[in-house]
Amino acid sequence: MYASYQKLKEEIGKVIVGQDETVKLVLTAMFCQGHALLEGVPGLAKTLLIQTISSVMDLEFNRVQFTPDLMPSDILGAETMDKDRQFKFVKGPIFSNIVLADEINRTPPKTQSALLEAMQERSVTIANQHFALPAPFFVLATQNPIEQEGTYPLPEAQLDRFIFNITLDYPSYEDEVNIVKNTTSSTKPKAGQVVTAEEIIAFQELVRKVPIADNVVEYAVKLVGKTRPGTAHATEFTNRYLEWGAGPRASQFLVMAAKCNALLNGKYSPDIEDVQEVALPIMRHRVVRNFKAEAEGITIQDVIRELL
């Protein structure tokens with residue numbers, strides 16, 4: 001798995017300059033059978049990154065551009081009548097290995113919620129019929145954090161189904177120079193295919209089989225417990241600045257992501273440092289600040305780093 005990860009990074013790096021941490025987190029989400037939410041201002045190659053990752057894997061890819069008039073049937077599919085006057089179910093773009101939900105916060109909650117069952121159960125139910133989605137299955141969603149006109153914030157129940165909330169920052173000066181050179185010349189870099197769907201499923205099974213010490217699991221659970229104000233593990237900082245803490249999914253994802261992080265770093269078992277390395281993107285969208293924190297300029301990142 002470590003060797004395959006290095007090959008994946010090398011191929012993705014032919015198209016995506018920089019963003020090494022983002023690439024690692026997206027691949028970690030895939031290997032943990034999770035979904036990822038990417039946040040960043042326009043022009044940071046969020047969509048290109050996801051398209052490139054799908055191209056280096058032998059996976060079926062579909063992109064859904066979320067708009068205010070999008071309906072659930074536009075994602076899941078719908079029943080239509082054929083020439084013999086028989087109803088037939090026509091599958092929507094959700095029936096893919098990788099689904100890019102582009103600008104997911106631009107569509108109303110009714111359509112956003114169409115993804116809930118698919119993300120959790122990896123299946124959809126339409127007209128009392130149950131349809132399993134292909135394996136492996138990932139939802140990679142993007143949203144713009146600065147432009148909030150005409151947007152619909154994702155409900156907490158849906159945010160909780162994303163293993164990571166990944167924020168993309170502006171590239172460094174050197175990276176931006178390389179980006180401009182690559183995108184303004186006649187040669188277009190292309191990433192080659194590296195892994196198959198069967199290999200990804202094998203990696204997912206391997207991650208679950210990684211042994212983990214009890215003290216590392218206990219650290220992950222206590223870390224999540226610290227985010228819950230008014231509970232036994234809550235710190236004074238938590239009670240002062242947090243309105244709501246993370247749920248049990250955060251503990252599960254911390255352990256799974258720590259296992260995968262250990263494998264990607266060439267280790268056989270995760271330690272506390274692996275948990276700490278993945279804590280911020282896992283907890284960022286599961287913790288709610290109170291008014292006092294907002295008034296004093298305390299960010300979610302500040303809270304999580306304090307608890308680490």
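Cys32 counts as buried in this predicted model, because its relative accessibility is 5%. Cys260 is buried as well, with a relative accessible area of 0%. So what keeps these two residues from forming a bond? The sulfur of Cys260 lies 4.4 Å from its closest cysteine sulfur, in Cys32, and that is too far for a bond. A disulfide needs the two sulfur atoms within 2.5 Å. By this rule, the model has zero disulfides, and for Cys32, which takes part in none, the nearest cysteine sulfur is that of Cys260.

Now to the empty spaces, starting with an overview.

| Space | Volume | Lining by class |
|---|---|---|
| Largest pocket | About 720 Å³ | ten nonpolar, ten polar, seven charged residues |
| Second largest pocket | About 550 Å³ | twelve nonpolar, nine polar, three charged residues |
| Largest cavity | About 50 Å³ | three nonpolar, two polar, three charged residues |

Let us take the largest pocket, with its space of about 720 Å³. Its lining is made up of 27 residues, and those closest to the centre are Glu39, Leu159, Asn165, Arg284 and His285. Two helices, α7 (156-159) and α15 (300-307), and two strands, β10 (164-167) and β13 (288-289), each bring at least two residues to this lining.

The second largest pocket holds about 550 Å³. Here 24 residues form the lining, with Val15, Ile16, Ala45, Leu48 and Thr183 closest to the centre. Helices α3 (46-55) and α8 (173-183) each provide at least two lining residues. Which of the elements gives the most to this lining? That is α8, with five residues.

Finally, there is the enclosed space. The structure has one cavity of 30 Å³ or more, and the volume of this largest cavity is about 50 Å³. Which residues line the largest cavity? They are Glu21, Lys24, Leu25, Thr28, Ala257, Asn261, Glu277 and Val278. Three helices, α2 (20-31), α12 (248-264) and α13 (272-283), each supply at least two of the residues in this lining. Helix α2 gives the most, with four residues. By class, the cavity lining splits into three nonpolar, two polar and three charged residues.

If you have the model open, Glu39 and His285 are among the residues to look for around the centre of the largest pocket, while Val15 and Thr183 are among those closest to the centre of the second largest pocket.

Definitions and conventions:
Residues are numbered from 1 along each chain as its sequence is written. This is a predicted model: local features need pLDDT of at least 70, side-chain atom pairs count only at pLDDT 80 or more; totals for chains, interfaces and linings use all residues. Side-chain values use heavy atoms; hydrogens and water are left out. Buried means under 20% relative accessible area, exposed over 50%, partly exposed in between (1.4 Å probe, protein chains only). On a 1 Å grid over the protein atoms alone, a cavity is a set of points where a 1.4 Å probe fits but cannot get out, and a pocket is an open set with protein on both sides within 12 Å along at least five of seven lines; lining residues have an atom within 4 Å of a point. Grid points are joined across faces, edges and corners, and a volume is the space filled by probe spheres set on the points. Ala, Val, Leu, Ile, Met, Phe, Trp, Tyr, Cys and Pro count as nonpolar, Asp, Glu, Lys and Arg as charged, and the others, Gly among them, as polar.
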